[in-house]
Amino acid sequence: MSHDDLRELSGGYALGALSDADRRAFEAHLSTCAECAGEVRDLVAVASGLAHAVPQVDPPAALRARVLSAATAGHRPDAAPAPPSSTRRSGLFAMLSAAAAIAAIALGLYAVSLQQRIRVLEEELRIASARATEINRQLVQYRVASDRALQIRAILAAPDLRRIDLAGQKTAPGAFGRAFWSPTQGMVVAFDKLPATTTDRVYQLWVIPSGGNPVSAGLLERQSDGTAITLGAPGASPRVGTVAVTLEPAGGVPAPTGDMIVAGTLSN
Amino acid sequence: MAPSANIAAFDADRAAVIRMARGDETAIGELYDRHARAVYSLAVRMLADASEAEDVVQDVFTQAWRQASRYDASRAPVVGWLLVMARARTLDRLRARRSRLAPIGLETFPTDPADPGPGQELQAISHEEADRLRRALEELPEGQRQAIELAYYKGLSQSDIADALQQPLGTVKTRMRTALLKLREALRGEKP
């Protein structure tokens, strides 16, 4: 690895997050490079400060008595050892380098937990081929949901995000929707108070570029509580002028024919 | 980061550990009153579970009681010694959580690397420095902040973080370094 490549490892080293191979390569490098050794000293100091940089919360008052009696119960402190001992976790580097590859983490990001779930399911599939059919079905469901969640996240985080409110029209005055549109990432639309439909009808989402013809952006799946969330089909939304939903025959149609349910126009 | 914290407090802590090593139960009470909050707060942040965090507090003070005679004041302030234990015990629990949730046949755990070199124990850090660091962390761009938090508070490796966030490994490596360098500047920036 070049010096630039090695230097990039300093952050991971300070946080104990390097792979074994990277760690060995970096440590070998440290013994010969004063610049990197100096940087590592600084970054380890910063990293150790992270233990203090957490929101401070008081433990419950009742914990004190429990901890103190449990800690001292029946044990005398160990006698002082003669030479300085080196327990496995006595060094900051040891503590920081104890990398634990953990699959299940709570990040609050729905998409991340689904990615983990996907890896777990892929392993189960390899091991137990007899269960392949059911697992495959779940895998597809999770993949779809995960892709959706990642896509929605990309849209909502886009710097070119615009919002279009969709108002209920004559046939469904109580319904409404909100479209989040990024010309670069796509569109996600959320709806509420959609009237129930018969099984031979479906809500279809349209994007109408200013001065152009309506382009279908997909079909809605109305939930039992009247809500729906849909990702606009890619390619449907490069030039949004108006966004609308109509009620169409099941399966959708190439051009709108039915009643308009909600609509809104991008204001400039 | 030069130690700018209270010398008298350091002396009191060191004296308490010495007394604790002789079996003085009031000494461990003093250390609890001064430092349980810091230990609990770190465990809560890492585990997102108050009840498990309480168990970590018990683990840490139990370990501190037993190993008081091994505490070396020249290597770390007492709170640093306790927080090193807190993070280690918490990472153990995060690992155990994963093994409970993992179905059979998943990839084997990486073995813990051996102690890689001269230790650099937690240095003294004042409340002001800790606040400054916390603010600087919150102000990092999301990709950099996530990389640091997943590594430090969840013990993930760079390749796991790259998988989890769906980013190239090189991006994660660079972001970790850039973020720590930024935090270093934030800590230095307001010094005379």
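Of the 192 residues in chain B, 45% count as buried. This value, like the others here, comes from a predicted model. Chain B is built from eight helices and has zero strands, so that reading from the N terminus its elements run α-α-α-α-α-α-α-α. Among the contacts of chain B with a separation of 6 or more, 70% are accounted for by residues 24 or more positions apart.

Chain A has eight helices as well, and eight strands with them. Its 268 residues include 34% that are buried. For contacts in chain A between residues at least 6 apart in sequence, 57% join residues at least 24 apart.

The strands of chain A deserve a closer look. They form an open sheet of eight strands with antiparallel pairing, in the order E5-E4-E7-E8-E1-E2-E3-E6. At the edges stand E5 and strand E6 (228-231) of chain A; each has a single partner strand, so one side of each is left without a neighbour in the sheet. From one strand to the next, the twist averages 20°. As background, strands of a sheet pair through backbone hydrogen bonds, either parallel or antiparallel.

A walk through the sheet can begin at the E5 edge. Strand E5 (residues 215-219) of chain A pairs with E4(A) in the antiparallel sense, over four bridges. Within this pairing, A:Val207 has A:Val215 in E5(A) as its bridge partner. The two strands form a hairpin with six residues between them, and in this hairpin A:Gly211 takes a positive phi near 75°.

Strand E4 (residues 201-208) of chain A is itself mostly covered, with six of its eight residues buried. In addition to its pairing with E5(A), E4(A) is joined by eight bridges to strand E7 (residues 242-249) of chain A, and these two run antiparallel. Here A:Val202 finds its bridge partner in A:Glu248 of E7(A).

The next step leads from E7(A) to E8(A), which pair over five bridges, again in the antiparallel sense. A:Val245 has A:Val262 of E8(A) as its bridge partner. A:Val262 appears again in the pairing that follows, where A:Gly168 stands opposite this valine of E8(A). That pairing involves strand E1 (residues 162-168) and strand E8 (residues 260-265) of chain A, which run antiparallel and are joined by two bridges. A:Val262 of E8(A) is thus a handy residue to pick out on screen, with A:Val245 as a bridge partner and A:Gly168 opposite.

Further along the strand order come E2, E3 and E6 of chain A. Strand E3 (residues 186-192) of chain A pairs with E6(A) over four bridges in the antiparallel sense. In this pairing, the bridge partner of A:Val188 is A:Leu231 in E6(A). This brings the walk to the second edge, as E6(A) is one of the two strands with a single partner.

A word on confidence in chain A rounds off the picture. Its pLDDT averages 80, and 79% of the residues score at least 70. Residues 83-109 of chain A are another matter: there pLDDT stays under 50, and the model has 73 contacts beyond four places in sequence for this stretch.

Key: Residues numbered from 1 in each chain as written. Chains lettered and ligands numbered in written order. Predicted model: local features only at pLDDT ≥ 70, side-chain atom pairs only at ≥ 80, totals over all residues. Buried ≥ 20, exposed ≤ 12 C-beta atoms within 10 Å, placed from the backbone. Pairing = 2+ DSSP bridges. Contact = placed C-beta atoms within 7 Å. Axes fitted to C-alpha atoms, helices over the stretch in contact; angles between N-to-C directions. pLDDT = per-residue confidence, 0-100.
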